[in-house]
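Let's take a walk through this one together. Keep the sequence and the structure open side by side as you read.

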Amino acid sequence: GSKQQQRYERNGFRKESFILSVDVGTTTIRCHVFDKEAKVRGSCSTKVDLLYPEEGLVEIEPEALWKSFITVAIGAVHDAGIQMRQIEALGFSTQRATFTTWDRRTGVPFHNFITWQDRRAADLVKSWNRSCTMKAIHGVTKVLYFLTRQKRYLAASLIVFSTQHVTFRRLGRELLFGTIDTWLLFKLTKGQVHATDFSNASATGVFDSYQMCWSEFFCSLFSVPLSIFPTMADQQAAMFGECCFDVGSVKITMGTGTFMDINTGCKPHTSVAGLYPVVGWKIGAEVVYLAEGNAADTGTAIKWAQELDLFDDVKDTSDLAYSVEDSDGVCFVPSFSGLQAPLNDPRACASFMGLKPTTTKSHLVRAILESIVFRNKQLFDTMLRETRIPITKIRVDGGVSSNDFVVQLTADLFGRKVARPDHCEMSCLGAAFVAGLGVGFWKSKEELKKLQNTDRVFLPRGPLKDQEYSHLLQSWDRALRRSMNWYHQTT
C-alpha cells in the first residue's frame, strides 16, 4: 500500500487537488487553476471574437466560443503542471443576457449568439413598453400592490424592458433556447442538460425574483422551458469572489462595461430608476439578492481611444490623465451602446463636447477616464437614494480597476474608501469559490473571507476634490443630456 502510494505521488498524482474556473467575458475568456489558498497556480486566456454584422448588432459565433472554452481549460491545467484528474470541480461564470437558439437533436445553432450589447430590439422594446398589454400589467399590479402591499406587485407595476433582456431578441418558439451558460452546459453534458442558474435567469426579464421561479405570465407569452443548474453569472460571481456576503457591501466591476451591485440581503429591491433586482446566489436554503446598475461602455471607451492612437499602452492612461491639471473643459459621453440606469436611453450617442484648439491627447484621455468615474458616481447616487441601505464596504475589480486615476477619483467623488484586490479577475474566483463550496474543497464563507487579499485601499482626498469636480460634473451632465435620443433624430 505505502509503496503504491509513493509511486502514485511520484507520478504527480498527489492528494493535492484544485478547482478549475472559467470566466466567459465579453472580450476575453479566462481560465485559472486555484489551490486551497485561492492562489492561481495556472492560467490561460484567449480573446472573444466579436462580430459586428451591422450598426448596433453585436454577435459571437457559438462553436468558436465552445472551442475557446475547451482550449483555455486545457491550457490552464497544462500551465499549472498538473493532471486533469487533480481537478476536483469545474466552476464557470458567463456574461449574461447573451443568447442563441439551437436544434436539440443535432446541437447545431440556428444563429450566432446575440450579445447583451446588441441594440436590434430597441424598437420592439419601445413598442412593448408603450403597449396596451404593458399598461394593463402596470394597472392591474398597482391595484394588487395597493390591496396586498407585496413588493413583487410594486416591481411588476414599474417594470419596463430594456434591450439587454433576452426575451426581446429571440427569434422563435420551437427552438432550444439558452444563454451562454446554458449552451456550455449542453455541450459539456453532450446534450443531456438544458439548464441555467438563478443568477443568469434573474437577468432575463422573465424570472420572478420574488418567488424564485419563472414568471408564469411572461412565460405564457414567451415559453422558456429551462431547468435550474448551479453555474454562475459573471457579476454575481464577481460579487461572491469579492466576499461581499454582508448586506450593504458594494462591488464595482469595471470591464467592458461597469456593473455596480449592492447586497440587499434576503429581499429583492424594488427600483423606480432602473436598478435591476437580481438573484446573487442560492446556496442551500439561503438566497441572497443584489440590486444592480450598469454602464455599458467602460473598457470599450478605453479600447476605442487606443485604436485612435491616443496612447500606445493602456497602462499609460493613468499617467497621461495625471499629466494635466484638468480636462480643459472637455466632456466625454461613454455611450456607444446607449445609456443605462438611471437615464435608460438606448438611442444616446457617444460624444466629445467642449473641444478647443488647446485640447491635447492628455486632455482627451483624462476626459474619457473622468467619464467612467462620473457614470460610477451617477450609479452610486442612484443606489444610495433607492436602496437606503448603509454601505459597509466598496470593492472594485475588472481590468479598468487597475487604473489608479479611475479608482482614486471614484473614492474622491464617493467620499468613501475603495478597496482593490491584488488581482482583478473576480468572476473566475467567485465561480471557483461556489464550485469549491459545493464539493467541500472549502468549508464555509468565513473560510473564504480569510483567503481574501487586497492590493490597495484608496482613501478619499477630502471635500476640496468634491468641490473641484462639482462644476465639471454639471457640465458633463449637460453633455450627457445633449447626447440622448440622438439616433432617433437621425433615422
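**A guided walk through the fold**

E59 is buried, with a relative accessible area of 13%. Before going further, keep in mind that this is a predicted model. E59 isn't alone in there: E59 pairs with R120 in a salt bridge, and their closest N and O atoms sit 2.8 Å apart. E59 belongs to strand 5 (residues 59–60), while R120 is in the loop between strand 8 (113–114) and helix 3 (122–129), so this pair ties together parts that are 61 residues apart in sequence. R120 itself counts as partly exposed, at 34% relative accessibility.

R120 has another partner too. R120 also makes a salt bridge with D118, again with 2.8 Å between the closest N and O atoms. D118 is buried, and its relative accessible area is 0%.

Now move along to D246 and K449, whose side chains meet in a salt bridge at 3.4 Å, N to O. D246 sits in the loop between helix 9 (234–241) and strand 15 (249–254), and K449 is part of helix 15 (residues 445–451), so here the linked parts are 203 residues apart in sequence. Both ends can be seen from outside to some degree: D246 is partly exposed at 41%, and K449 is partly exposed at 27%. Elsewhere, D404, R420, D455 and R456 are joined into one network by salt bridges that share partners. The count of salt bridges comes to 21. As background, side chains of opposite charge can pair when their charged atoms come close.

Time to step back. What does the secondary structure of the protein come to? There are 17 helices and 23 strands. Of the 491 residues, 57% count as buried. Take the contacts between residues at least 6 apart in sequence, and 73% of them join residues at least 24 apart. On the outside, the protein exposes about 21,800 Å², and carbon and sulfur atoms supply 53% of that.

Helix 6 (residues 180–188) makes a good next stop. Seven of its nine residues are buried, so the helix is mostly covered. The buried ones are I180, D181, T182, W183, L184, L185 and F186. After helix 6 comes K190, with a positive phi near 55°.

That brings us to backbone oddities. Most residues other than glycine have a negative phi, and most peptide bonds are trans. A38 goes the other way with a positive phi near 65°, in the loop between strand 2 (28–34) and strand 3 (40–47). R388 does likewise, with a positive phi of about 55° although it is not a glycine. You'll find R388 in the loop between helix 12 (361–387) and strand 21 (393–397). Is each of these buried or exposed? A38 counts as buried at 10% relative accessibility, whereas R388 counts as exposed at 73%. There's also a cis peptide bond, running from A341 to P342 with omega near 5°. P342 is in the loop between strand 19 (331–333) and strand 20 (351–353).

Finish on the surface. Which residues form a negative patch there? The answer is D309, D312, D313, D316 and D319. Zoom in on D313, in the loop between helix 10 (299–307) and helix 11 (317–322). D313 is partly exposed, with a relative accessible area of 36%. A residue needs over 30% to be part of a patch, so D313 clears that cut-off.

Note on methods:
Residues numbered from 1 in each chain as written. Predicted model: local features only at pLDDT ≥ 70, side-chain atom pairs only at ≥ 80, totals over all residues. Heavy atoms only, no water. Patch = residues over 30% accessible without salt bridge, like charges linked within 9 Å, V, L, I, M, F, W, Y side chains within 5 Å. Areas by Shrake-Rupley, 256 points an atom, 1.4 Å probe, with all protein chains shown as cover. Salt bridge = Lys/Arg side-chain N within 4 Å of Asp/Glu carboxyl O. Lys, Arg positive; Asp, Glu negative; His and termini not counted. Charge placed at Lys NZ, Arg CZ, Asp CG, Glu CD. Helix = DSSP H or I, 4+ residues; strand = E, 2+ residues; numbered from the N terminus. Buried < 20%, exposed > 50% of the residue type's maximum accessible area, 1.4 Å probe, protein only. Contact = heavy atoms within 4.5 Å.
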